[in-house]
Amino acid sequence: MSTEALALVGAEEAFVFVVDQFQKNELWCRTMRGDGELVTSRFQIPPVSLALQSSYNEYVAQQPAKHTHHKPTTPAMPGRTEYHRAEAFVRASVPAVVLPHALLHSAPGFAPFAYHTRETLNIPGCKIASHPLYSGDSTSTDRLIKLKSSATLLLPICSADSLEPIAILQVCGKTQTFCGMGIEVEVENCRPFSREDQLLLAGFANFCGGMLKKVMSFAELETNRRSEYELLSLSRQIFTCLDFKKLSMLVMKSTKDLLDTDRCTLFVTKMTSPTETVLSAWQSDMGTGSIDFHKGTEILVRFGEGIAGACAELRSLVNVPDAYEDKRFNRAYDEKTKYRTKSILAAPIMSSKSTLLGVIQMINKSGGTPFRAKDEEHLVVVAQLIALAMENSNLFQKTQDVSRCIGTYIRHLHLNEALLNLSAAAEDIVGVQGATIYLVDERTNELLPFTKSARHALTFVHRATSTQLAHGMSGFSCTERRCRGSIMEEAMSKRTVVIVNNTGMCLHYNPAVDAINGIAAHQVMFVPLFQYGKNHFQDKIFIGLVHLINRKGTVHDFDEDDSLVAIVANQAAGILTSIMERQNNLQLHEDTKLLLETCMSFYKELNPLGVMNAVFNAASATFSIEKGHLWLLNEDKSSLWTPKLLPPEELQFASPSLIRRVSISTNDRLEVPCIEGLLKRVVQEGRMICVRRWDLVGDANHIEGVQRITATDRAAGFTDFAITAAPVWDSFGIEVLGVLMLLYPRGRSLHRLELSKIPIFTRQITGALMVCREVARHLHHVRRLESMLRGYGHGDFPPPNTYSSLPGSPAHVAAHVFSLAMEIDAHGWLKTQTYPINLFSKSFSLKSRNDLLRLPMDAIGNRHVIQVTNSPRAVFAKEHFDKWVGHDIAFGDWEKVKYDIHNALSRKETLSAYYGSSQSGRKVTLAPTTTPLSTELVGDANERPLWELSDHIRHEVASFLWLFCNKELRIEWSQVFALFCPYDKENTGTAEPMHFEHVLKACGVHLNHHEHDALGKMFAVYAKPEKGQPVDMDGAYVILYRELLQSLAPSFIKHTQFDYEIFPTLNATTHAVSSIQLILSPTGAEFTTIATL
């Protein structure tokens, strides 16, 4: 644009200052340095008060007329063209000797003045530096003018749909061409720009306005795409890198690129005393390298000091446009480093438990501009990611520290091998014949033993269960029933050291439990093993037992204060705790990875039933359970349902290559009300609930692990199992969509590692259900579009309810669609429409009766219309939609409709917006007023109310009358009554019931005998009785067919309130918009009834 402007008016320099579209407080442009490099310069837009504008107008008005070269143009008004604005241009004046007070102290600059006033400025040569609007500030746009003696011309550039400037075009230095001796030279000679130059640039600005607006929109989309890519890349790095030092440098580099800043500093919290927490500068990126504060001199910042301290104290985002104007800013660092801090953006780093972990601080936005709202959103996301990284790193470091304490040779051993080595070490260190270490199985609360025989091989006293083998554990299970009446039972119950030095004198000695590998036990000692927490003795968990028998050596009895036994017990507890922690972490990592791979099958399903089938298969493979069901809430939230399981002989693989097993029935399902029982409790409390025991009576819901039995639980088959139930939330965590039920044998509980998988499992279910919801919504739109485009009939999709009835009568629901669908191609031309869009316009002409019959008809035969334009067919069939959509329509803001169509063409988005004259946005049912039936009937009319005629009768009669509608949209009654002439030769307007029924049937009116009888008696004239006799209501009568047909004549319903939906259709290969589907649907009671009489 700058190059074209230079060539257009013969100028030496040209600048295009673009207005920031978000905050409207800065201008930016691309300029070229002396070395040929293009750079982006940003300038603040100072405010221009009304007093300053008035002072400048007075200054211009006081100049002598013969010297006046400039006069401010009037502000842009709606409907004015660029040509009219160019007519208002006049030249700049000789500056007065005495300037007004407002202009002496605040010169905004040429470009900001043109932006605020929307005026065109034409400043002659040699008058720029002395002009009252000229600003010599280094942050002003006027500093870009190289020669202050040259002339300059500034014009605002506006887009087509807005009068607010989106850019300022400035040209400087009018040049003149000299030719002589075969040489052509262009010289700037301080000449002012002419009126012709102004007109040329005005036309050029008008042309560039719409193009620049589109370019800015596409640029913003590209910026958003890059920001999303940076955030996604950063997220992947955070979950793969556990070294916080490397990760912090990566985060700061990515954040600098994302926010386009000069510096970035990361602070972490540090406790200097038990009562004081400060911020410690961890790392800072200075542009040329990095400074690791944690290695050298430490910089501490107390809460409340500086911008970072204020952010930590408030625990909220802090955005400072100018640091030197904020009292909280500490200038000491700038004075030491000779650095100028201007804009600062700081965000707190909060953990998942809402504790402060640190602060990230960004300094100096590129170009010296303040940080924008989008920068704040990005920094908040980055702070959340850093919090996740810090928590992951802390957890990993703690695990590593514990592992180092165990010992190098233990860190690489499996739990089974470690137990065997510890048992052998206990035999050697303590000096006993046999030693065994039992571990507690958290899932079943059983003790699992590991022993070593003389052949150094693992020996099983009893066969292990399948669950134990699945978790890499071997040995028999010591439950309460097996341990009953043994020394081990006493040790488990007391969880203290138990010593029996003479088993022959012990009444509860049980050789099956208290002996080891068949060795007769004369002396027995049990030592409990505990895992200690932060509070040491106050926070300990029972993890197992050390079983020793038959002391060897000089010491003949076991002693409770035996230091060797204490060393073995403490060493075993620490080692086993570390190994189990390491293996649990590895197992959790592998299980999570396997779980995510398993859950990928959820996203292959396209409906909730398929997701339920995939959940059942995945739950059985992931958890140690018998079966797992997904229960979903109905639409009214009153009950939950799940499909029934197929019998084993009916299980099938729908696709052997994908191993997709169909385990549920697609026809039979189980549904229970959500009014009591476990399902209601999970939905109401919104948390995971584990049930190990069911209680018949009493209020057992307040006891952890106990649930009272209800009829709902029995019907669902829950009472035969122990259950872990978890809610499935929507993607926003606001509403419960269903409940995941994991069923397993009574008395058992899920391992804590399995419990940790459930939140991940339910989140994957949520994602799959959201995908199904989106697929269903898009399928609905596709079917609706197909219905709209192929026309209307009785087989179309049901619309919103429409009530049609007389006052005081019962309402009846119509079952027809009243929407208007149009298809506009990528060039803006109308391709198809479901019915004519310019009905009731002066230029409307009915091409054929099919155009009329395509109008949607309600239950009583009225046809509904939405008028889009008053233009003739020749216009809207061959012109762009901007020229005919909403043309000459008295109601509504059709410019908004056209604006959204343009957005859909450019952004490829699906829009759904409300539009109407009331602007209430509240959808109500349609209640069209019907034409009252007025005729004088013989008899009491109150005994036969008019609304006793069914909607079917009125619909059939209306369909019959629509066949006689002419091009003027009126019913040709002469043609209708001509059908009854053979039976009404005297033209009395009456006909026998038999003849009336014969004519209607011949014309395709489908009514049965009872409906004909009801219709005829409603408009019947009975034979006049003899004097003094009542009218015989069962006697002969004739039908007033003219009054009948005119009373039931249908009408046009012209709607003025509706919703509109816009769906772009993309090319499958290029993804370019090929057409736009526009659907208009009535939503309110604002309409006009147009009779056909």
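In this predicted model, the side chains of K1017 and D1013 form a salt bridge with an N to O distance of 3.6 Å. The two residues belong to helix 28 (residues 1009-1018), where they stand four residues apart, about one turn of the helix. K1017 is partly exposed, at 27% relative accessibility, and D1013 is likewise partly exposed, with a relative accessible area of 29%.

The count of salt bridges comes to 19. Side chains of opposite charge can pair when their charged atoms come close. Three of these pairs are set out below.

| Salt bridge | N to O distance | Location |
|---|---|---|
| K1017 and D1013 | 3.6 Å | helix 28 (residues 1009-1018) |
| K253 and D257 | 3.6 Å | helix 7 (residues 244-259) |
| R681 and E685 | 3.4 Å | helix 19 (residues 677-685) |

K253 and D257 are four residues apart in helix 7, about one turn of the helix. D257 has a relative accessible area of 49% and is therefore partly exposed, the cut-off for exposed being over 50%. R681 and E685 are also separated by about one helical turn, because they lie four residues apart in helix 19. At 12% relative accessibility R681 counts as buried, whereas E685, at 38%, counts as partly exposed. This pair does not stand alone: R681, E685 and R687 are linked in a network of salt bridges.

Charged residues also form a feature on the surface. D557, D559, E560 and D561 gather there in a patch of negative charge. One of them, D561, is located in the loop between strand 21 (536-551) and helix 17 (563-599). D561 is exposed, with a relative accessible area of 67%.

A nonpolar patch of about 330 Å² is also present on the surface, made by F178, I183, V185 and V187. Strand 9 (residues 183-191) supplies the largest share of this patch, namely three residues. V185 is found in strand 9, and its relative accessible area of 38% makes V185 partly exposed.

Aromatic contacts form a further group, with 18 aromatic pairs found in a search of the whole structure. The ring centres of W631 and F718 are 5.7 Å apart and the ring planes stand at 75°, so this pair is edge-to-face. W631 lies in strand 22 (residues 627-633), while F718 lies in the loop between helix 20 (711-716) and strand 30 (722-729); the pair therefore ties together parts that are 87 residues apart in sequence. Both W631 and F718 are buried.

In the pair formed by W973 and F977, the ring centres are 5.7 Å apart and the planes are at 25°, so the pair is stacked. W973 and F977 are separated by about one helical turn, because they are four residues apart in helix 26 (residues 973-978). W973 is buried, with a relative accessible area of 13%, and F977 also counts as buried, at 13% relative accessibility. Beyond this pair, ring pairs link W973, F977, F980, F996 and Y1041 into a cluster.

Terms used: Residues numbered from 1 in each chain as written. Predicted model: local features only at pLDDT ≥ 70, side-chain atom pairs only at ≥ 80, totals over all residues. Heavy atoms only, no water. Patch = residues over 30% accessible without salt bridge, like charges linked within 9 Å, V, L, I, M, F, W, Y side chains within 5 Å. Areas by Shrake-Rupley, 256 points an atom, 1.4 Å probe, with all protein chains shown as cover. Salt bridge = Lys/Arg side-chain N within 4 Å of Asp/Glu carboxyl O. Lys, Arg positive; Asp, Glu negative; His and termini not counted. Charge placed at Lys NZ, Arg CZ, Asp CG, Glu CD. Buried < 20%, exposed > 50% of the residue type's maximum accessible area, 1.4 Å probe, protein only. Phe/Tyr/Trp six-rings, centres within 6.5 Å; stacked < 30°, edge-to-face > 60°.
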